[in-house]
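Here is a small set of exercises to try with the viewer open. Have a go at each task before you read its solution.

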Amino acid sequence: MKESGRKQGALSPCAACKLLRRRCAQDCVFAPYFPADEPQKFASVHKVFGASNVNKMLQELPEHQRSDAVSSMVYEANARVRDPVYGCVGAISSLQQQIDSLQAQLALAQAEVVHMRMRQVSPSSSSSHNLPANSMDHMVDHHHQANIGGSLWSC
């Protein structure tokens, strides 16, 4: 068994047993994941999930998956403490909105780059001298629509 929850030599109770005010057994399921020097880690998990439920979840998992499960519970518990209604789903939703907004800004900037490049190319083209001004804008818009999925992403 791992000894990360206890000090070398002395049997200092893990954060879970200390908070629950119980003796920390040698085979304590909490000790490897909730060390005594990180009491807030267990406190938030206990507040959201309850010690009994955390104990059951850890007992039901193979030992090699427990550390990841504890990390997930700590993350979710901390998110629930910050946002009791949505928890980590609220954080994920907020990040997704930021991604959507940034993708829209990027698409606009890329379209503007294409538009500016077309305007730089157009005066040197001999065929464009005979076209009305709005025809060039039409060509730029057509070029933009044709390249929106292709060369825009390679700029």
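The exercises below go from the overall fold to single residues, and the model they use is a predicted one.

**Exercise 1. The overall layout**

Task: Find how many helices and strands the chain has, and work out what share of its residues is buried.

Solution:
- Start with the secondary structure: there are six helices and zero strands. Written along the sequence, the pattern is α-α-α-α-α-α.
- Next, take the accessibility. A residue counts as buried under 20% relative accessible area, and buried residues are 28% of the 155 in the chain.
- Finally, look at the contacts with a separation of 6 or more: 48% of them come from residues 24 or more positions apart.

**Exercise 2. Packing of α3 and α4**

Task: Determine whether α3 is roughly parallel or antiparallel to α4, and list the residues that meet.

Solution:
- Locate the two helices: α3 spans residues 51-60 and α4 spans residues 63-82. They pack at about 150°, and their axes are 9 Å apart.
- Compare the angle with the cut-off: angles over 145 degrees count as roughly antiparallel. α3 is therefore roughly antiparallel to α4.
- Add the handedness: α3 and α4 make a right-handed crossing.
- List the contact: from α3 come V54, M57, L58 and Q59, and they meet R66, V70 and M73 of α4. Sorted by class, the residues of this contact are five nonpolar, one polar and one charged.

**Exercise 3. Packing of α2 and α3**

Task: Now classify how α2 and α3 are oriented to each other, and describe their contact.

Solution:
- Take the geometry: the angle between α2 and α3 is about 100°, with the axes 7 Å apart.
- Apply the cut-off: 65 to 115 degrees counts as roughly perpendicular. α2 and α3 are therefore roughly perpendicular to each other.
- Go through the residues: F42, V45, H46 and F49 of α2 meet A51, N53, V54 and M57 of α3. This contact has six nonpolar residues, two polar and no charged.

**Exercise 4. Aromatic rings**

Task: Count the aromatic pairs in the whole structure, then classify the pair formed by F30 and F42.

Solution:
- Searching the whole structure gives three aromatic pairs.
- For F30 and F42, the ring centres are 5.3 Å apart and the planes are at 65°. Planes over 60 degrees apart count as edge-to-face, so F30 and F42 form an edge-to-face pair.
- Place the two residues: F30 is in the loop between α1 (15-20) and α2 (39-49), while F42 is in helix α2. The pair links distant parts of the chain, with the two positions 12 residues apart in numbering.
- Check burial: both F30 and F42 are buried.
- Widen the view: ring pairs join F30, F34 and F42 into a cluster.

**Exercise 5. Two residues to inspect**

Task: Describe the surroundings of F49, then examine the phi of R21.

Solution:
- F49 is in helix α2 and counts as partly exposed, at 24% relative accessibility.
- Leaving out residues up to four places away in sequence, F49 touches V54, M57, M73, E76 and A77. For A77, 28 residues away along the chain, the C-alpha separation from F49 is 7.6 Å.
- Turn to R21, in the loop between α1 and α2. Its phi is near 55°, a positive value in a residue other than glycine. Most residues other than glycine have a negative phi.
- R21 is exposed, with a relative accessible area of 79%.

Conventions: Residues are numbered from 1 along each chain as its sequence is written. This is a predicted model: local features need pLDDT of at least 70, side-chain atom pairs count only at pLDDT 80 or more; totals for chains, interfaces and linings use all residues. Side-chain values use heavy atoms; hydrogens and water are left out. Axes are lines fitted to C-alpha atoms, for helices over the stretch in contact, and angles run from 0 to 180 degrees between N-to-C directions. Helices (H or I, at least four residues) and strands (E, at least two) are DSSP runs, numbered from the N terminus. Angles under 35 degrees count as roughly parallel, over 145 as roughly antiparallel, 65 to 115 as roughly perpendicular and the rest as oblique. A crossing is left-handed if the near helix is turned anticlockwise from the far one by less than a right angle, and right-handed if clockwise. Contact means heavy atoms within 4.5 Å. Ala, Val, Leu, Ile, Met, Phe, Trp, Tyr, Cys and Pro count as nonpolar, Asp, Glu, Lys and Arg as charged, and the others, Gly among them, as polar. Rings of Phe, Tyr and Trp (its six-membered ring) pair if their centres lie within 6.5 Å; planes under 30 degrees apart count as stacked, over 60 as edge-to-face and the rest as tilted. Buried means under 20% relative accessible area, exposed over 50%, partly exposed in between (1.4 Å probe, protein chains only).
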